[in-house]
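The following exercises concern helix geometry, burial and nonpolar packing. Please work through each task with the coordinates at hand before reading its solution.

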Amino acid sequence: MNISALQASWRAVVEIGDDAIQHFYSHLFLAHPEVRDMFPVSMSTQRDRFFAALGHIVTNVESLGDDPSFVQHLGRDHRRFGVVAAHYPAAGASLLATLEHFHGDAWTPELAADWGAAYEAVAGLMVAAAADAEKDTPPWWDADVVSVQRKGLDFVLVELQPRIPFRYRPGQSMAIEVPQRPRQWRYVSPAAAPRPDGVLELHIEVIPGGQVTGAIARDLVPGHSVKLGAPIGNRLTIDPDTCGDLLLIAGGSGLAPLRAVIQQLDQRWGTSGGAPNVLLFHGARNRANLYDHDYLTHMSSREWFTYVPVVSEDPTFAGHRGLVGTVAAEMYWWEGYTALVCGSPPMVEHTIGELTRVGLDPESISYEDFAPAAPSDSTRTAIPSGTTNSLEVHPWR
Ligand SMILES: NC(=O)C1=CN([C@@H]2O[C@H](COP(=O)(O)OP(=O)(O)OC[C@H]3O[C@@H](n4cnc5c(N)ncnc54)[C@H](O)[C@@H]3O)[C@@H](O)[C@H]2O)C=CC1
């Protein structure tokens with residue numbers, strides 16, 4: 001298989017932009033009208049995602065031998081859209097038809113064969129992983145809304161009771177679909193360690209004009225039920241028995257997964273009496289957005305836990321002021337610590353830069369690649385990257 005030819009041909013189609021994307025979807029929906037329902041009613045936010053993801057994954061087919069876990073996760077996770085094995089040839093045929101259409105004379109039998117083989121390799125892995133998952137996990141989890149409460153000015157705390165147990169590790173995320181916005185899945189992280197009653201706690205930031213977060217804040221009430229995808233991500237998870245000292249840096253609602261990790265360590269401390277040193281820096285634009293201040297202040301009574309609130313846009317704030325990454329970097333010598341960073345992509349990038357600037361080994365800094373789930377929801381909902389691939393390869397957004 002000529003990988004560089006595959007990648008060059010993909011770049012050529014990506015440069016064509018919208019026309020290629022439209023051709024792909026028109027071909028797919030004309031040939032298989034039954035798959036239209038798997039996509040949101042309005043395709044304006046979906047646009048190039050699925051198409052871009054397909055191309056990206058297929059042209060990176062050579063990395064599958066080393067680590068197929070990302071593509072396997074995709075296969076398992078696509079079950080929540082109702083994707084079955086028979087849909088894969090349909091998407092593959094539309095992809096190849098689009099490539100052929102725009103390549104003109106450059107579409108040689110060799111290139112067509114390479115694309116076909118690469119697509120089959122990816123689809124084969126996804127189908128097998130989905131079939132495997134079918135044996136012991138549902139395609140999605142139905143969960144009933146227990147409560148929706150405002151926290152601070154811009155945040156909503158949502159409690160959900162999954163109808164069958166939803167097992168996740170603190171620090172992981174999952175996709176959620178609310179009944180008001182069918183097929184517009186967003187990623188969120190449980191903000192608490194697993195509870196004995198199985199209830200999940202989510203922290204959602206309300207964004208003016210945000211379609212999904214707005215619907216959650218405005219319209220979601222106890223009695224509604226939502227759908228959850230499988231838990232994903234391992235870069236913000238820890239082993240409480242073996243982990244060393246931790247530096248946790250959160251921007252805004254990026255606090256959620258780190259808060260779950262703190263609770264996990266607290267549970268372990270409650271049973272064994274041992275916990276590493278944990279320092280949490282929570283950055284917010286103003287005092288009101290330090291939405292978990294009371295709980296985190298309460299937790300500071302633990303001898304192993306320190307909470308440092310940081311405000312970036314209120315010069316009258318009496319505590320630490322500035323960008324959370326800068327404040328954290330300059331406050332201490334972090335050698336020997338592992339840093340877990342979570343927030344908007346610019347916040348994460350900035351924080352990594354600051355920590356490495358003051359000498360922290362980049363290998364000791366862990367983060368998920370989060371990116372906007374949709375332009376309308378700006379930076380407030382997030383998608384974890386999975387393992388080796390970057391975000392734009394997530395076709396389910
Ligand atoms: N709700 C959830 O379950 C989860 C949310 N997230 C992500 O957390 C992020 C939270 O964002 P917001 O609440 O809007 O945060 P924000 O925009 O209010 O920023 C909070 C703090 O982050 C820092 N910051 C923000 N932008 C920065 C930049 N460009 N450079 C350096 N530092 C910067 C500042 O210290 C600021 O005070 C979102 O991107 C969301 O996707 C991530 C995981 C889970």
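Three exercises on this predicted model follow, each with a worked solution.

**Exercise 1.** Determine what end-to-end span helix 1 (residues 3-16) should have, and compare the expected span with the model.

*Solution.* Helix 1 holds 14 residues. The expected span is 1.5 Å times one less than the number of residues, so helix 1 should span 20 Å. Its end C-alpha atoms lie 20 Å apart, in agreement with the expectation. Just after the helix, Gly17 adopts a positive phi of about 75 degrees.

**Exercise 2.** Establish how the buried residues of helix 1 are arranged about its axis.

*Solution.* Begin with burial: Leu6, Ser9 and Val13 are buried. Viewed down the axis, the buried residues fall within an arc of 70 degrees and therefore line one face of the helix. An α-helix has 3.6 residues a turn, so residues three or four places apart point the same way. On the other side of helix 1, Ser4, Arg11 and Glu15 are exposed. Finally, identify the cover: the elements over the buried residues include helix 2 (18-31), helix 3 (49-59), helix 5 (87-103) and helix 6 (109-134).

**Exercise 3.** Identify which members of the largest nonpolar core touch the most other members, and which helix gives the most to this core.

*Solution.* The core comprises 73 residues, of which Leu248, Leu258, Leu280 and Ala339 touch the most other members. Helix 8 (residues 255-272) gives the most, with seven residues. Domain 2 (141-228) and domain 3 (246-367) each supply at least three residues. Beyond its neighbours within four places in sequence, Leu248 contacts Leu258, Val278, Leu279, Leu280 and Leu340. A second, separate core of 27 residues includes Leu28, Ala91, Trp115 and Ala123.

Definitions and conventions:
Residues are numbered from 1 along each chain as its sequence is written. This is a predicted model: local features need pLDDT of at least 70, side-chain atom pairs count only at pLDDT 80 or more; totals for chains, interfaces and linings use all residues. A nonpolar core is a set of buried Ala, Val, Leu, Ile, Met, Phe, Trp, Tyr and Cys residues joined through C-beta atoms within 7 Å. A residue is buried if 20 or more other C-beta atoms lie within 10 Å of its own, exposed if 12 or fewer, and partly exposed in between; C-beta atoms are placed from the backbone. Helices (H or I, at least four residues) and strands (E, at least two) are DSSP runs, numbered from the N terminus. Domain bounds come from an automatic or database domain assignment. Two residues are in contact if their C-beta atoms, placed from the backbone, lie within 7 Å. The arc is that of the directions from the helix axis to the C-beta atoms.
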